[in-house]
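Let's take a walk through this structure together, one packing arrangement at a time. Have the viewer open and follow along as we go.

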Amino acid sequence: MRIIISPAKKMRVRTDIFACRNLPGFLEEAQFLLAELRDLSYEEAKILWNCSDSIASLNYDRLMQMNLREGLTPAVLSYEGIQYQYMAPDVFTADAYEYIEEHLRILSGFYGVLRPFDGVQPYRLEMQARFRREHVDSLYDFWGKKPAEQIFSETDLVLNLASKEYSRCVEPYTPAGKQFVTCVFGQIEKGKVREKGTLCKMARGEMVRFLAESGAEGLEEVKAFCGLGYRWHEELSSDSRLVFIQEFSDGE
């Protein structure tokens, strides 16, 4: 089993905790994207990133100084979004670290696919960003089947904890005979399952931690997840969807 998750926009440098184990597998492609980004003016980059001046200034400075082989942070410790806060990799046991290194894959618009201890630099590049340039327009077209082929070469089962923006890099390329199963975290409202962005991110992080701590290897173990009041709902689930319904709000 391989578990896929999305990256986070906010990143940090942490070179004093754990050493990186590897360079990213698609480093050549990342180096090409870096060259394309550096060819943008500040205003073009800001439009691509769709962000404020303060964020654009920080990331443009990073861009111009970026070295993809030095001063690197393990990917799982570099991202700072809600999902990563609830995953809490800083306090994993040694066994949990080994579990995620084998089972967890982080999708990235810049790096393609990352293992947890691949060394990365802070960057800003969402998968849905459009370059609209001669050599790169859509990142979906740029990456094509590569992320999916890499992940499915390692497993027959992909557990999807990524957003739709990122999972569309993998799901359409699922080979015959292999499984792509999406976890849905929702609440029942007016008879329908409703997903809420922040709560989903929280649940995805909790799920990764649960799987790492339990050493889960298959879907039956995934179904046992009960963090944040969620429970697997058999009647709403299918072969390609595991639906978890929150039976009560966190803290109630």
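What follows moves from packed helices to aromatic rings and then to a few individual residues.

Please keep in mind that this is a predicted model. A good place to begin is with the helices. Two packed helices are described by the angle between their axes and the distance between the axes. With that in mind, find helix H2, residues 42-49, and helix H3, residues 53-65. Their axes lie 10 Å apart and make an angle of about 115 degrees. Angles from 65 to 115 degrees count as roughly perpendicular, and H2 and H3 are therefore described as roughly perpendicular to each other. The crossing of H2 past H3 is right-handed. On the H2 side, the contact is made by Tyr42, Ala45, Lys46 and Trp49. H3 contributes Asp53, Ala56, Ser57, Asn59, Tyr60 and Leu63.

Between these two helices there is a loop, and Asn50 lies in it. Its backbone deserves a look: Asn50 has a positive phi of about 55 degrees, although it is not a glycine. Most residues other than glycine have a negative phi. Is Asn50 buried or exposed? With a relative accessibility of 69%, Asn50 counts as exposed.

H3 also packs against H1, again with axes 10 Å apart, at an angle of about 125 degrees. H1 and H3 are therefore oblique to each other. Their crossing is left-handed. The residues in contact are Leu34, Leu37 and Arg38 from H1, together with Leu63, Met64 and Gln65 from H3. Leu63 also appears in the contact of H3 with H2.

Stay with H1, which spans residues 27-38, and pick out Glu36. This glutamate is buried, with a relative accessible area of 10%. Which residues does Glu36 touch, leaving aside its neighbours within four places in sequence? Glu36 is in contact with Phe131, Arg133, His135 and Val136.

Next, turn to helix H6, residues 94-103. Its buried residues are Ala96, Tyr97, Tyr99, Ile100, Glu101 and His103. What covers them includes strand E1 (2-5), helix H4 (75-78), strand E3 (104-108) and helix H10 (197-214). For the H10 part of that cover, the axes of H6 and H10 are 8 Å apart, at an angle of about 110 degrees. H6 and H10 are therefore roughly perpendicular to each other, and they cross in a right-handed sense. Here Ala96, Tyr99 and Ile100 of H6 meet Val208, Leu211 and Ala212 of H10.

Now for the rings. A pair of aromatic rings is described by the distance of the centres and the angle of the planes. With ring centres required to lie within 6.5 Å, the count comes to 18 aromatic pairs. One of them joins Phe185 and Phe225, with 6.0 Å from centre to centre and 80 degrees between the planes. Planes over 60 degrees apart count as edge-to-face, and this pair is edge-to-face. The two partners come from distant parts of the chain, 40 residues apart: Phe185 is in strand E7 (residues 179-189), while Phe225 is in the loop between helix H11 (219-222) and strand E9 (230-232). Phe185 is buried, with a relative accessible area of 1%, and Phe225 is buried at 2%.

Elsewhere, ring pairs link Tyr79, Tyr84, Phe110, Tyr111 and Tyr123 into a cluster. Arginines join in with rings too. Arg21 lies over the face of Phe117, at 4.6 Å from the ring centre. Arg168 lies over the face of Tyr140, at 3.6 Å from the ring centre.

To finish, return to the loop that holds Phe225, between H11 and E9. Gly227 has its place in this loop and counts as buried, at 14% relative accessibility. Which residue has its C-alpha atom 6.4 Å from that of Gly227? The partner is Glu206, 21 residues away along the chain. Leu228 lies in this loop as well, and its phi is near 55 degrees, a positive value in a residue other than glycine. Leu228 is buried, with a relative accessible area of 11%, whereas Asn50, with its own positive phi, counts as exposed.

Key: Residues numbered from 1 in each chain as written. Predicted model: local features only at pLDDT ≥ 70, side-chain atom pairs only at ≥ 80, totals over all residues. Heavy atoms only, no water. Phe/Tyr/Trp six-rings, centres within 6.5 Å; stacked < 30°, edge-to-face > 60°. Helix = DSSP H or I, 4+ residues; strand = E, 2+ residues; numbered from the N terminus. Buried < 20%, exposed > 50% of the residue type's maximum accessible area, 1.4 Å probe, protein only. Lys NZ or Arg CZ within 6 Å of the ring centre and 35° of its normal. Axes fitted to C-alpha atoms, helices over the stretch in contact; angles between N-to-C directions. Parallel < 35°, antiparallel > 145°, perpendicular 65-115°, else oblique. Left-handed = near helix turned anticlockwise from the far one by under 90°. Contact = heavy atoms within 4.5 Å.
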